[in-house]
Amino acid sequence: MEFGVADAIRSRLTVPEHIPSIEEVRKDGQAQLDRCLKSGWAHEAQVRGEVKFDTSLYNSLRKVLPLHFVCNQYSPFDIVFGLKVGPDGSVGRHGMVMAVYFGAHASNNVQTMGQGGAIVSVMDFCFAIAGIVLTGRKDYTTITSKIECKYLKPVKPVPGVFRLDIKQVNGLSNFKVLSQINGKVGEEDARSRMTVEAELSDGQGTVLAKGTARQVDMAQRKRQDSRL
């Protein structure tokens, strides 16, 4: 029983004549990311000394996270991770910049726009990576306890490459107390949580979506749960 939904959608939309294979998506993603790094906004950011990109991390993550929704071998995404450069030339604490490719299968099938779930999934994945990179704690593995995404403008065209900026708002590095457990506030709890923010843009200054999330250290979360 379809409840007439398929017919209602079919009456408004045109089914694409060609559905790209995952091999075609991979090839297009690499080509678009290469152009962005060589002549697009990512290239300009590097020339200005604002960002240092790492083109190998995402492929490494594909190998260690083969079943992850965002980076499995059938994923419609491709990502080049970058670190923002501070005024003193240092990297690692000033935020991250990602060049994110949204393949055709990450669209909402309407007007070549990015699908909402695809957008927030990429943010969620990159938040987790940022938890390791921005804190400098390789032992820090997070889960998202809360995430919010505001869609401001259509994310298009898809397929296409977009800019994702992430910054740490509080927690961990400055040990700001963020929560209360069993009526007691402690530094240990403050160290276990961080709040991060993201902006998805077209790379030319137009912000398309904003996200905020609270990340919780998995090991610390288990210790807290055991005391409840």
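Is cysteine 149 buried or exposed, and what is its relative accessible area? In this predicted model, cysteine 149 is buried, because its relative accessible area of 17% falls under the 20% cut-off. Cysteine 126 counts as buried too, this time at 0% relative accessibility. As for sulfur pairs, a search of the whole structure turns up zero disulfides.

Here is how these two cysteines line up with lysine 167, a residue we'll come back to:

| Residue | Relative accessible area | Class |
|---|---|---|
| Cysteine 126 | 0% | buried |
| Cysteine 149 | 17% | buried |
| Lysine 167 | 47% | partly exposed |

**The overall layout**

Stepping back, the protein chain is built from seven helices and seven strands. Reading from the N terminus, the order is α-α-α-β-α-β-β-α-β-β-α-β-β-α. The chain has 228 residues, and 40% of them count as buried. What's left open to the outside comes to about 12700 Å², with carbon and sulfur atoms supplying 53% of that area. Contacts reach a fair way along the sequence: take those between residues at least 6 apart, and 67% of them join residues at least 24 apart.

**The second largest pocket**

Now for a pocket. The second largest one has a volume of about 240 Å³. It is lined by 14 residues, and the closest to its centre are Leu65, Ala128, Ile129, Thr141 and Thr142. Where does the lining come from? Helix H4 (57–64), helix H5 (116–135) and strand E4 (142–151) each chip in at least two residues. H5 gives the most, with five residues. Sort the lining of this pocket by class and you get eight nonpolar, five polar and one charged residues.

**Lysine 167 and its neighbours**

Back to lysine 167, which sits in strand E5 (residues 160–171). Why does lysine 167 count as partly exposed? Its relative accessible area is 47%, and partly exposed covers the range between the 20% limit for buried and the 50% limit for exposed. Leaving out residues up to four places away in sequence, lysine 167 touches Gly95, Leu134, Thr195, Val196 and Glu197. Histidine 94 is worth a look as well: it lies 73 residues from lysine 167 along the chain, yet their C-alpha atoms are separated by 7.1 Å.

Notes:
Residues numbered from 1 in each chain as written. Predicted model: local features only at pLDDT ≥ 70, side-chain atom pairs only at ≥ 80, totals over all residues. Heavy atoms only, no water. Helix = DSSP H or I, 4+ residues; strand = E, 2+ residues; numbered from the N terminus. Buried < 20%, exposed > 50% of the residue type's maximum accessible area, 1.4 Å probe, protein only. Contact = heavy atoms within 4.5 Å. Areas by Shrake-Rupley, 256 points an atom, 1.4 Å probe, with all protein chains shown as cover. Disulfide = S-S within 2.5 Å. 1 Å grid on protein atoms, 1.4 Å probe; cavity = no way out; pocket = protein on both sides within 12 Å on 5 of 7 lines; lining within 4 Å. Points joined across faces, edges and corners; volume = space filled by probe spheres on them. Nonpolar A, V, L, I, M, F, W, Y, C, P; charged D, E, K, R; others polar.
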